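Reader: I'm just starting out with protein structures, and I would love a close look at a single part of this one. Please pick a spot and walk me through it slowly.

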Amino acid sequence: MRKIYFLIVFSIVGAVSFGQVIATDNFTYSDGPLVPNGGWETHSGTTGNLLIVQGKALVQHGTPDEDANLPFTPVNSGNIYYSFDFSVNNPGGAIAGSDNEYFAHFKTSGTGFFGRMSIVPPSANGDFAVGIATGSEAAVAWPTDFSYDITYRAIVRYSVTDNTSQLWINATSISDASISGTSGTTPGSTIASFALRQSDSNLNEGILVDNLIVSSTFEAATLTTNDFNVKSFTVYPNPSTTGYVTIGSPSKSELTIAIFDVLGKKVMTSTVVNNRLNVSRLNSGVYLIKITQNGASITKKLIIK
């Protein structure tokens, strides 16, 4: 059995503020490889076979083996959530067998994987169910079944503090039905990215993923990526070789910038009023740049050469 391992912010909606959203991606890229669109990075397998198909990420079990992650400012305490719309393509029969690999999870800067979501066999006459995994296979499964080619919204909470995970489907309130379980063996691990994973399982289904949100609250996880256009902020040139980058924004308001190294240490802060940011004091390397304007924030990868 092949084991493969698998990283994206809004207007105020109701009482939810931008600060609660860590990253988003609505996958509006041209058909073809996901990496390196939107800052996604390959961390296992063959780069190029985790695909975008008609504006969605296609996670395939079977031959494709690329696992990819989207980095964000590391989180080392409290709760962190990921949510996305997903549908499962019909592979020709109900999900069966015991080898049901997880396809989405949080990731540390190394090989720690938490809050792993799996597609698992149905409990009755449906096509599939979903579960939370401690290892490669789900330890706790949803008690009712789901159907192929229907879109559902998953919300997964991972507690960095107590090392537990919780999964909701189509929820609008934190009190809605959910399943919970222990998520790993290393409480306190710093979460550095969201990841998608392709592997081998008994039936090798394909899963379409869209409208990803990473957030610090359940309420923000229930938003949609239409609430804020992740592409409204741009950073160029990126990579930068000139000592400067330009921050593109639809607004002329002041920009607040924070730059972090890959370990999550803040290495630079700045206020930008003319869209041009001086990064000449940064050493060559990979950074995360957090851009905040009018209460909205987004984190992107920044490369200095």
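Author: Let's start at Pro-122, which touches Ala-94, Ile-95, Asp-127, Phe-128, Ala-129 and Asp-145, leaving aside residues up to four places away in sequence; contact here means heavy atoms within 4.5 Å. Before going on, please note that this is a predicted model, where local features need pLDDT of at least 70 and side-chain atom pairs count only at pLDDT 80 or more, while totals for chains, interfaces and linings use all residues. Residues are numbered from 1 along each chain as its sequence is written, and side-chain values use heavy atoms, with hydrogens and water left out.

Back to our proline. Pro-122 sits in the loop between β9 and β10. Strands such as these are DSSP runs of E, at least two residues long, numbered from the N terminus. Is Pro-122 buried or exposed? Its relative accessible area is 19%, so Pro-122 counts as buried: the cut-off for buried is under 20%, exposed is over 50%, and partly exposed is in between, using a 1.4 Å probe and protein chains only. Pro-122 also has a neighbour from elsewhere in the sequence: Phe-146 is 24 residues away along the sequence, yet the two C-alpha atoms are 7.6 Å apart in space.

Now follow the chain back from the loop into β9, residues 113-120. Here 8 of the 8 residues are buried, so the strand is largely enclosed by the rest of the structure. Strand β9 has a partner in β10 (residues 129-133): the two run antiparallel and are joined by 5 bridges. (Two strands pair if DSSP finds at least two bridges between them.) One such bridge links Ile-119 to Val-130 in β10.

β9 also pairs with β8 (residues 102-107), again in the antiparallel sense, over 4 bridges. Lys-107 stands opposite Phe-113 of β9, and 5 residues lie between β8 and β9 in the hairpin that they form.

From here we can step into the interior. In soluble globular proteins, nonpolar side chains tend to be buried together. A nonpolar core is a set of buried Ala, Val, Leu, Ile, Met, Phe, Trp, Tyr and Cys residues joined through side-chain atoms within 4.5 Å. The largest one here has 48 residues, and Phe-84 and Phe-86 touch the most other members. Strand β7 (residues 79-88) gives the most to this core, with 5 residues. Apart from it lies another core of 18 residues, including Leu-255 and Met-268.

How does this tie in with our strands? Look at the contacts of Phe-84: not counting residues up to four places away in sequence, they include Phe-103, Ala-104 and Met-117. Recall that β8 covers residues 102-107 and β9 covers residues 113-120. Other contacts of Phe-84 include Tyr-152, Phe-194 and Leu-212. If you trace the path on your screen, begin at the loop that holds Pro-122, go along the enclosed strand β9, and finish at Phe-84, which touches Met-117.
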